Every structure is written in C-alpha cells, then in structure tokens.
Amino acid sequence: TKSTTRRKKSASAVSASIAQFGMTPEQFKECVVRHLHVSLGTDENKASKKAWWNATCAAVNEIVFERATKTQKTHFQKDTRAVHYLSLEFLMGRFLKNNLTNIGLTEVAAQALEQLDLDFNEICEEEPDMALGNGGLGRLAACFVDSLATLGYPAIGYGIHYEHGLFTQEIKHGRQLERPDSWREYGNPWEICRPESIQEIPLYGYVETKYDENGRIHKEWHPGRIIKGVPWDIPVVGYGAKTVNILRLWESRASDFFNWDVFNAGGYLDAQVENVQAETISKVLYPNDNTDAGKELRLIQQYFFCACSIKDIIRRYKRAHGDNWDNFPAQVVMQLNDTHPAVAIPELMRILVDRAELDWDKAWGICQKVFAYTNHTLLPEALEKWSVRLFEKVLPRHLEIIYEINSRFLEEVVEPAFPDNDEVKRKLSIIEEGHEKMVRMGNLCVIGSFKVNGVAEIHSKLVKSDLFPEFDKIWPGKLTNVTNGVTPRRWLKSCNPALSNLISKHVDEDWPVHLDKLQKLNDLADDKKFQKEFMQIKHDNKVELAKVIKELTNVDVDPTALFDIQIKRLHEYKRQQLNLIHIMALYRRLLQDPDYDMPKRVFIFGAKAAPGYYMAKEIVYAINKVADKVNNDSRIKDKLKVVFLPNYRVSLAEKMIPAADVSEQISLAGKEASGTGNMKLALNGAVTIGTLDGANIEIAEEAGEDNVVIFGLTVDEVKAKKAEGYNPWDYYYANEELKAVLDWFDTDYFTPGKPGELAEIKRSLLDYGDTYMTLADYASYSDAHKKIDALYQDSAKWARMAIVNTATMGKFNSDRSIQDYVNNIWKLDPCNVE
Ligand code: T68
C-alpha cells in the first residue's frame with residue numbers, strides 16, 4: 001500500500017505540472033535526450049553523469065529562460081519600480097532541484113531520468129555548489145531573491161562573479177586545509193554572459209579642480225586605470241515560475257583599448273601584467289565572516305561591483321526616462337547588504353554631481369531617497385573602516401565627496417541637534433580621527449540611507465541603543481527591524497520531500513507560499529498516528545545522514561541515537577568550544593560511571609574557519625581530536641559519538657538539517673545578530689537548545705517556551721557581568737567538572753604523544769579573558785542538556801515538541817521578511833507576468 005500511495009501521490013504531482021507547463025515524463029525525457037545530442041554533443045551510450053546533468057539543466061532552462069525573457073519584457077513595458085539588492089555575497093548552492101521544485105517538475109524529471117535508467121538524486125549530486133558567500137549574510141541574499149521572484153516583485157540582485165567561491169575544506173590529521181573552489185571550471189549551465197551590457201570602471205589617479213565661465217567649481221577625476229565589468233545573468237525562478245528575476249554578477253576584465261593603447265604604449269608585457277591585475281578583482285571571495293579584512297583588493301571589489309551596478313541601473317532608467325532625474329527615486333531603491341556596498345552612495349553622488357551636473361542638494365536629495373541599509377552585526381571587529389590614505393589612493397574623488405557629505409552632515413544635522421557637542425560630533429563623523437584617519441562605512445550608510453534595519457528584534461533594539469543611539473535621536477524611525485527568514489522551498493519542500501509530502505496530506509498544498517498554514521499541524525501534535533509518521537520520517541532522514549557520515553568520515557553512527565547538530569561558520573562568539581567542552585564532560589561522566597543515564601547521542605558539527613583565524617582553526621582541530629578518541633573508545637559502548645563533517649556548505653546543509661533532533665544555537669547573548677540556521681532546523685522538526693540571542697528569542701516566542709530549551713545569560717546579565725569585572729577563573733575553580741575538562745587540554749589524552757597541543761583553547765578561556773563568556777554559561781548549558789536528555793527519553797513528548805516546532809515556524813518564511821521590506825522600506829507593487 002505504501003508504494004501505491006506513493007504512485008498516486010506522484011501521479012497527482014505530475015498532472016499538476018502538466019497543467020502548468022504541459023510536460024509529461026516522456027516529453028521531458030525526449031527533451032533531455034535531445035539536449036544530450038544537440039547541446040552536449042554526445043549520446044546515450046557515451047554520456048557521463050555530468051553530461052546527463054548538463055542535459056537535464058538544459059531541459060529545465062527551456063522553461064526558465066523563456067519565463068525570464070517574458071518577465072524582463074513585462075517589467076520594462078510596465079516601467080515598474082524595482083529593488084536592486086547590492087550584495088558582495090550570494091550563497092546560492094545548487095540550482096537543479098530547486099528550479100525543478102519551483103517550476104513544479106521535480107516528479108516529472110525524476111520519472112524521466114528513471115526511464116533512462118538514471119537516479120535523479122545521483123544526477124543532482126553532479127552539480128557543484130555555487131558558493132559565492134561565506135555564511136548567513138550570503139545565504140540570506142539567496143533566500144531573498146527566491147522570495148522576491150516568488151512574490152512577483154520586480155527585483156535584481158547585483159554582485160560579483162567570483163571565479164573562486166568560498167574555499168573547499170579538507171580535514172587532514174584533524175586540521176583544516178583550504179583548497180580553491182573551482183565551481184565553474186567546466187562551465188555553468190545556469191548563467192548567460194551579456195557582453196552587450198559591459199561597463200567600464202575607473203580606478204586610482206587624481207582629481208583636477210576646474211572652474212567654468214560662471215566661476216563654478218568643477219571636479220574632474222583622471223583615473224589611473226580602467227577596468228571592464230562583464231555581466232553574467234543567472235535566472236532566479238520564483239515558486240510557480242510566473243516571475244523569473246535576474247541575478248547579475250560582474251566579472252572583471254582588462255579594458256582592451258585603454259590599457260593596451262593609451263597607457264601602455266611602452267610595452268606588451270607591462271600591458272599583460274595590468275591585465276592580470278584587472279582580472280584579479282573578481283578572482284576570489286574573501287573568506288572572512290564577521291571580520292573586516294581591510295585590504296586594498298577588497299575595497300576595489302566593493303567599488304567595482306557598485307560602480308558597474310549603478311551604471312547598469314542608470315542605463316535602464318534612462319532608456320525609459322531620458323535625462324530627467326526627477327523620477328529616479330520613484331523607480332529605484334537600492335538595498336545595501338551590510339556596509340560592503342557602501343561606496344555606492346558616494347558613487348551615485350559623483351555621477352549626479354560631476355557627470356549629470358546636478359547641484360549638490362538636489363543630488364543628495366535623490367541619494368537619500370534611494371538607499372537603504374541592512375546591518376548584520378554589532379561585533380566591533382566586523383564594522384568596516386577604510387584608511388583615508390588607502391581610500392585616497394584608490395578612489396580620490398570619492399574621498400572628497402565623503403568629506404563633503406560629512407561636513408554638511410555635521411554642520412546641518414548634528415550641530416542643531418547637539419549644539420556645541422564635540423563629543424557627539426566625533427562619534428557621528430564619517431571620519432574617525434586618530435593615529436591613522438579612517439572612513440567609517442557604517443556611519444556613511446546611516447547618513448546616506450532613508451532606512452536602516454537590523455535582522456532580528458533584539459538585534460535591531462541593540463543597533464538603536466548601543467551602536468547608533470545618537471542617529472536614532474536625530475532621525476527617529478529611520479532605524480527599524482526586519483526579522484530574517486528562510487525560503488521554505490529549498491529548506492523544507494526540496495530538502496525534505498518525505499516530510500513535505502506528509503505535510504501536504506494534512507495542510508493545503510500551497511503551504512510553501514503560505515507557511516503560516518503549518519499551524520494546522522499543531523492539532524496533530526498529540527495524535528499518535530501522526531507522531532509515528534513524523535518521527536519515522538525523521539528516522540529515515542537520520543538513516544540517510546548516517547550513510548553520508550560513514551562515507552565522509554568512516555564513522556558508524558546509530559540512527560536511533562539523538563542527533564545533535566551545530567552547523568555554522570566557526571567563530572568564538574558562536575561558541576563551538578562550549579559544545580565541545582560539554583561533550584568532553586559527557587565523555588568523562590561515562591568513563592567515571594559506565595551506567596551514566598543518558599540516551600545514545602551523536603554530536604555533529606559542520607563549520608569552516610576563516611583561513612587566517614588561528615583560534616577557530618584550533619577549535620576545528622580539537623573537535624576532530626576529541627572525536628577520534630571518543631569514537632574509538634570501547635569503554636563507553638558507543639553511547640557517545642562525535643562527528644565533524646568536512647566542507648560544510650549549502651548542499652551538505654540540505655542533507656543534515658532534515659536529520660536533526662537538536663539544533664545548537666549557543667552564541668553569547670547579544671552577539672548573533674539573528675541566525676538563520678536556527679530557523680531551518682526548527683522548521684524541519686529539530687528542538688533548539690539556545691541562548692536568548694538573535695532570532696532564537698522569536699523562535700521561542702513562536703514555538704512556546706515548552707518547545708525550546710533556553711539557557712545562559714541574557715543580554716542585560718552579560719552587560720552587568722562585564723561591568724562588575726568578569727573573571728573566568730572564578731568559574732574554573734567553582735566547578736569541579738569544568739576544571740577537570742579544561743585541564744584535559746593540557747594533557748596528551750586526545751593528542752597522544754603531544755601534550756599541550758590543545759592548550760591554547762584553555763588559555764583563551766582563562767588567561768585571555770574568555771571574551772565570549774563560555775565558562776559563565778557552562779553550568780547552565782550542561783543543565784539544559786540534561787533537560788534535553790530527559791525529554792528525548794519520553795518519545796511521545798519529544799514527538800510533540802518536534803511537530804510543534806515545524807508547525808510554528810511560519811513567521812520565518814523569507815516571504816514574510818520580503819513583505820516587511822516591501823511594506824516598510826521598498827514600497828513596491830507586485831507585477832503580474834502573463
Ligand atoms: C550574519 N553575518 C550574522 N556576515 O552573523 C547572522 N561579514 O547572525 C545573520 O543571521 C546573518 O548575517 C544574516 O543576517 C554574516 O554572515 C558575513 O558573512 C560577513 C562577510 C564579510 C564580512 C563580514
């Protein structure tokens with residue numbers, strides 16, 4: 001009966017998609033085979049899996065490109081207002097399954113490939129991830145473009161077409177090694193080059209001051225170099241595929257005429273060197289998350305893609321409106337994804353003042369209606385600052401413009417609000433005075449934008465109270481909140497098909513676009529039959545993950561054990577070290593008392609450390625060494641396993657998230673702006689163990705306090721403790737278990753023959769002050785895990801919690817986030833594409 005219902009189910013899915021795109025599995029199969037012949041130049045007998053994947057993509061693209069063209073044409077004809085999402089990162093992952101989900105042909109394609117004796121999932125595995133981002137910030141941009149297309153809003157994403165995305169991670173003898181990520185070495189079927197829209201971008205050089213016949217000052221920038229920006233377009237398919245928007249990514253090239261003929265009359269070789277430098281700009285994504293690298297190449301990347309994008313936006317605007325700038329703010333809104341694209345503000349001013357010859361006030365009036373800025377962090381080391389010296393070298397005219405913006409702001413805005421207050425002026429100035437003068441990009445963004453948002457309630461509150469309090473006084477209402485969200489198409493429907501099918505049996509089929517409808521599952525939370533089905537799916541997903549774990553690490557894990565997952569970038573503020581210390585404590589308890597009462601547990605990590613972040617890499621090493629020891633210790637009878645899955649990325653997340661029982665969200669309160677992995681895990685029925693930080697607070701509000709396990713200091717308690725003088729040694733001496741575990745780091749217990757190899761971790765937690773108060777939260781964290789253990793041992797109670805988590809995550813749909821942006825910031829109308 002199971003297989004008949006499956007066939008019935010898929011038959012109805014197939015007929016639904018035939019209604020929309022008129023395709024049967026046979027027709028799809030013919031299309032794939034045709035592409036194998038005419039696009040790939042091979043045939044059924046010779047084709048590699050990669051060729052089959054390419055041919056399948058080509059078949060999907062027949063629909064996708066047609067819809068993309070229609071969408072662009074409609075937006076042009078209706079002259080729609082659009083949002084332009086400027087982001088240095090778009091962490092898109094794989095496209096095939098997602099695009100099939102969104103055009104409604106997953107089942108058709110799976111059956112077509114089956115008829116060709118191919119396995120759909122295996123073919124999907126051929127696709128490399130498009131990893132043009134570090135973590136949450138980049139993945140948020142990807143979820144947002146998905147939601148914008150799904151909701152039918154005219155939108156374009158602008159970014160960089162990196163040749164190498166985020167490095168791939170290998171683990172060798174427990175340590176992280178970085179290898180370049182060559183995601184498009186063999187071509188990428190999802191992108192189209194648009195040489196007709198190339199832009200030329202100036203850099204370096206000097207500024208000449210001229211006066212016209214009326215004595216009016218005019219500035220002319222004589223650049224030292226011109227770079228070419230080549231756009232690559234990637235279609236972004238909305239759910240239902242009515243709207244297909246574009247993600248436009250810029251690749252840098254040497255500008256042929258300028259560098260070859262004019263500047264380098266001297267030599268062929270010199271010209272080649274300049275070509276290499278030009279092409280370096282889009283070579284590689286900077287691998288830091290939540291830290292500011294401060295490197296010249298990074299500033300050039302930022303300017304390069306902002307300047308290309310603004311020229312592109314203006315070209316499109318002029319096609320409809322000519323040289324009349326009056327409608328520009330009505331047509332264009334630009335969302336700055338963090339301060340990384342902040343230089344777009346002085347760039348637009350430069351074009352309006354120097355090129356279009358608008359007077360300053362009119363130009364500034366336009367700018368202030370066009371830009372909005374999203375803040376993603378309060379961590380001081382992540383707040384971008386550029387040295388004035390570097391800025392002047394790379395962008396001499398922009399530095400002048402920033403000075404002008406700043407002096408007018410201090411005089412016309414700050415002085416009236418805070419008369420004679422030099423301290424406030426010093427704080428709000430875009431220029432930080434000191435040993436080395438710096439440009440503060442956050443201040444520039446707040447001053448140049450009409451709205452500024454944080455990404456979760458508590459974070460936005462702290463942006464107002466701690467980061468920009470004076471700005472909030474000057475411009476009440478400018479600082480606001482938009483809580484993050486994730487797309488349920490990728491993060492539930494496509495990554496967890498079994499759970500999605502179960503949901504569709506009990507909730508209207510349109511739940512992927514009306515996620516609040518999951519609330520209906522609340523009524524089934526105590527239903528024995530539903531609990532059984534729900535937990536059976538969780539179990540099956542764990543069986544699948546166990547296979548992946550075996551393949552990647554050769555560790556055997558028991559799918560009946562509790563799967564506890566922490567997946568996110570490795571950072572001390574995210575406190576993977578707290579998780580590790582607790583695992584070591586559990587291990588110690590099991591060694592001391594073989595009957596120690598706990599369910600079988602598997603702790604699973606996925607995390608990349610920034611290549612230059614020493615302590616993060618030490619923590620990766622420590623996790624792997626502890627895993628080696630624990631997993632091979634027969635004394636604890638497999639009651640505890642520790643797994644570090646290498647090369648965590650979007651496609652691996654899609655396999656891990658559906659298999660999680662527990663979601664670790666354990667940052668120090670006040671440090672994680674929002675988190676988005678927390679939402680994905682809870683949506684797939686994981687129970688959160690978390691601090692009152694970021695979106696955890698809102699997740700707890702939605703799921704109810706009984707369905708999450710909260711521990712640790714609150715933001716206010718953190719502040720109070722810091723003020724009274726936090727001393728980690730107090731916690732070390734007060735807690736026998738904590739002391740014993742920390743002392744383990746000095747021994748060679750986990751690093752045989754190499755005592756003290758892990759000692760730096762202990763030192764960071766004691767001698768260097770424990771910046772993120774790991775020890776202060778340890779006891780509370782340990783208690784929270786005891787609570788988890790007890791809850792898990794009551795399987796009905798646990799099933800109820802898991803179901804309620806899935807049922808109550810409707811708020812965290814990125815469609816809701818986008819609708820908040822539309823209502824409160826962008827003021828867009830959806831556009832119907834026939
Ligand atoms: C993340 N930030 C936040 N930054 O840490 C996370 N930084 O709480 C939030 O949920 C997410 O943004 C989305 O709002 C980042 O991911 C970076 O990746 C980054 C990259 C370069 C420089 C600085």
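Let's start at lysine 461, which is partly exposed: 14 other C-beta atoms lie within 10 Å, a count that falls between the limit of 12 or fewer for exposed residues and the 20 or more needed for buried ones. Lysine 461 belongs to helix H18, which covers residues 457–467. Its C-alpha atom is 47 Å from that of threonine 56, and 405 residues separate the two along the chain.

All of this is read from a predicted model, so a word on confidence is welcome here. The mean pLDDT of the protein is 96, with 96% of its residues at 70 or more. Residues 1–15 are a stretch to treat with care, as their pLDDT is below 50. In the model, this stretch makes six contacts beyond near neighbours in sequence. The model also scores ipTM 0.99 and pTM 0.97.

**Around the ligand**

Where does the ligand lie with respect to domain 1 and domain 2? It lies between them, because both domains give residues to the shell around it. Domain 1 spans 83–484, while domain 2 is made up of 488–703 + 728–807. The shell holds 19 residues, and those that come nearest are Gly136, Leu137, Asp289, Ala673 and Ser674. Sorted by class, the shell looks like this:

| Class | Residues in the shell |
|---|---|
| Nonpolar | five residues |
| Polar | 12 residues |
| Charged | two residues |

**An enclosed helix**

Next, have a look at helix H5, residues 106–115. Eight of its 10 residues are buried, so the helix is largely enclosed by the rest of the structure. The buried residues are Thr106, Glu107, Val108, Ala109, Ala110, Gln111, Ala112 and Leu113. Just after H5, the backbone does something worth a glance: aspartate 117 has a positive phi of about 65 degrees.

**A three-stranded sheet**

Finally, there is an open sheet of three strands, arranged in the order E15-E17-E16 with antiparallel pairing. Strand E15 (385–387) and strand E16 (431–432) are the edge strands, each pairing on one side only. Which strand pairs with E16, and over how many bridges? The partner is strand E17, residues 438–440, and the two run antiparallel over two bridges. Within this pairing, isoleucine 431 has valine 439 of E17 as its bridge partner.

Methods. Residues numbered from 1 in each chain as written. Predicted model: local features only at pLDDT ≥ 70, side-chain atom pairs only at ≥ 80, totals over all residues. Pairing = 2+ DSSP bridges. Helix = DSSP H or I, 4+ residues; strand = E, 2+ residues; numbered from the N terminus. pLDDT = per-residue confidence, 0-100. Contact = placed C-beta atoms within 7 Å. Near = placed C-beta within 6 Å. Nonpolar A, V, L, I, M, F, W, Y, C, P; charged D, E, K, R; others polar. Domains from an automatic or database assignment.
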